[in-house]
Amino acid sequence: MEQLHINGNRLWERLDDLAQIGAIAGTQGNSRLALTEEDGQARDLVISWMRELEMEVTVDGIGNVVGLWNGTNTTESLQPVMTGSHIDTVRSGGRFDGNLGVLAGLEVVQTIAEHGHSTEHPIAVGFFTGEEGARFAPDMLGSLVYVGGLDIETALNSIGIDGKKLGDELKRIGYCGTATCPGIVPKAFIELHIEQGPVLETSGIEIGVVESVQGISWTELTIEGQANHAGTTPMTMRRDAGYVASRISTFVREIATQIGGVQVGTVGKIDLHPNLVNVVASRATLTVDLRNTSGEILREAEDYLEEFCKEIASKENVVITSKSLARFEPVEFSEELVNEISSIASGLGLSTQRMTSGAGHDAQILARVCPSAMIFVPSKDGLSHNPAEYTSLEEISAGANVLLHSILQVAGECS
Ligand code: GLV
Ligand code: MN
Ligand code: MN
């Protein structure tokens with residue numbers, strides 16, 4: 001049988017077409033928060049491509065979209081081999097994060113179909129609602145519902161950063177579908193994604209074979225102090241929510257540096273109220289993102305944060321309430337699948353490196369129900385969640401070819 005290759009230019013063009021929706025002026029990046037108008041338009045476009053490829057498209061009650069493809073020799077009753085990712089972005093995101101995994105899935109199907117090849121198992125390409133978690137928490141929300149890890153009612157009631165309810169927004173953009181959740185359990189799930197970090201570029205490696213994903217802890221802290229006059233209130237009498245927010249923010253950096261190793265900590269969002277030059281802030285809301293490959297160390301980091309909040313609340317006489325937005329233990333991918341992907345990449349003449357993912361992904365959620373793994377391609381300057389995110393056509397093509405041959409192998413190539 002001839003050795004198949006994906007069409008890199010076609011994949012690149014689709015990435016470019018999709019990136020026109022929610023494009024950030026003057027950049028190559030995207031602003032397409034989950035369930036916004038732009039997300040709706042992007043969904044319509046990707047579904048139109050699925051239909052062109054004669055895929056059977058279903059939308060479930062949380063808006064996850066799955067395109068199912070059967071070749072001429074496919075046994076339709078067999079479990080599909082699934083690939084895909086997400087097409088929502090952070091507000092100031094790049095064009096590759098998530099989108100690559102979905103469009104590479106379509107490219108794989110098109111390549112197999114146009115060369116008259118077929119697979120024993122159907123191939124499914126999915127995109128899951130709200131992977132980013134930047135508008136509606138938790139992250140990976142759609143895939144969590146897909147595997148039965150989060151009940152649909154709770155997910156539909158998630159309130160976004162703009163105060164809107166997920167269920168209302170889903171209806172508004174016309175993506176509250178009828179397919180049931182949990183969805184069909186795939187035979188396996190393989191996701192192609194950009195690395196979003198500096199490891200592959202630094203070591204000059206073409207393909208990251210992802211064997212695990214680190215644990216993630218997101219917490220929203222609300223600090224209630226007292227508004228007062230900035231000029232007249234003695235420092236000893238203040239109940240300053242803004243000051244406490246900045247101390248917590250600094251402490252999060254200290255947690256990461258003191259624990260060291262792979263521990264990371266981020267305060268990515270702070271809102272002050274009333275947010276005026278001459279008023280002591282009465283309220284602050286901030287988010288804390290802590291991650292570690294060790295579940296135990298991650299819990300330690302969370303404990304340090306909790307302890308610090310108690311201490312500073314008492315010193316400044318403020319009330320701090322804490323709400324968990326997302327909590328995921330570290331995940332190990334299927335060793336068998338990881339080995340298969342690694343040998344396929346090497347067989348294609350590509351250099352590989354086993355690695356852990358620092359970012360969260362739908363594959364880590366699908367790993368709860370089926371053998372799962374990921375393929376990474378390099379990110380220029382290690383940049384992601386930034387409009388300047390970039391991976392070259394050659395690097396993307398290499399990753400998509402590994403995806404193609406991994407899917408062919410797992411789905412049982414037949415002619
Ligand atoms: C998703 O992009 C994450 O925050 O890891
Ligand atoms: Mn992503
Ligand atoms: Mn992302």
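In which hand, right-handed or left-handed, does α8 pass α9 in their crossing? I would like to open with that question, and before I answer it I should say that what we have in front of us is a predicted model.

The answer is that α8 passes α9 in a right-handed crossing. If you look for the two helices, α8 takes in residues 241–259 and α9 takes in residues 295–316, and they pack at an angle of about 150°, with their axes 10 Å apart. Since angles over 145 degrees count as roughly antiparallel, α8 and α9 are therefore roughly antiparallel to each other.

Let me turn to a second pair of helices, α2, which is made of residues 37–52, and α3, which is made of residues 99–114. Their axes come within 10 Å and cross at roughly 15°, which makes α2 roughly parallel to α3. The crossing of these two, α2 and α3, is left-handed.

The third pair is α10, residues 335–347, with α12, residues 393–411, and here the axes are 9 Å apart while the packing angle is about 125°. That angle makes α10 oblique to α12, and the crossing of α10 and α12 is right-handed.

Now to the ligand. Which residues are found around ligand 1? They are Glu-131, Glu-132, Trp-218, Arg-291, Ala-359, Gly-360 and His-385, and by character this shell divides into 2 nonpolar, 2 polar and 3 charged residues. Three of these residues deserve a slower look, starting with Arg-291, where an N or O atom of the side chain is 2.8 Å from an oxygen atom of ligand 1. In Gly-360 it is a backbone N or O atom that lies 2.7 Å from an oxygen atom of the ligand, whereas His-385 places a polar side-chain atom 3.2 Å from an oxygen atom of ligand 1. Taken on its own, ligand 1 has 200 Å² of accessible area, and the protein covers 94% of it.

I will finish with some details of the backbone, all of which you can find in loops. Where are the cis peptide bonds that I want to point out? One of them joins Cys-181 and Pro-182, with omega at about -5°, and Pro-182 is found in the loop that runs between α6, residues 166–172, and β6, residues 188–194. Another joins His-273 and Pro-274, with omega at about 5°, and the place of Pro-274 is in the loop between β10, residues 264–273, and β11, residues 279–280.

The last residue on my list is Leu-35, which has a positive phi of about 65° although it is not a glycine. You will find Leu-35 in the loop between α1, residues 8–19, and α2, and that brings us back to the helix that I described earlier as roughly parallel to α3.

Conventions: Residues numbered from 1 in each chain as written. Chains lettered and ligands numbered in written order. Predicted model: local features only at pLDDT ≥ 70, side-chain atom pairs only at ≥ 80, totals over all residues. Heavy atoms only, no water. Near = heavy atom within 4 Å. Polar contact = N/O pair within 3.5 Å; in protein donor to acceptor, adjacent residues only side chain to side chain. Areas by Shrake-Rupley, 256 points an atom, 1.4 Å probe, with all protein chains shown as cover. Nonpolar A, V, L, I, M, F, W, Y, C, P; charged D, E, K, R; others polar. Axes fitted to C-alpha atoms, helices over the stretch in contact; angles between N-to-C directions. Helix = DSSP H or I, 4+ residues; strand = E, 2+ residues; numbered from the N terminus. Parallel < 35°, antiparallel > 145°, perpendicular 65-115°, else oblique. Left-handed = near helix turned anticlockwise from the far one by under 90°.
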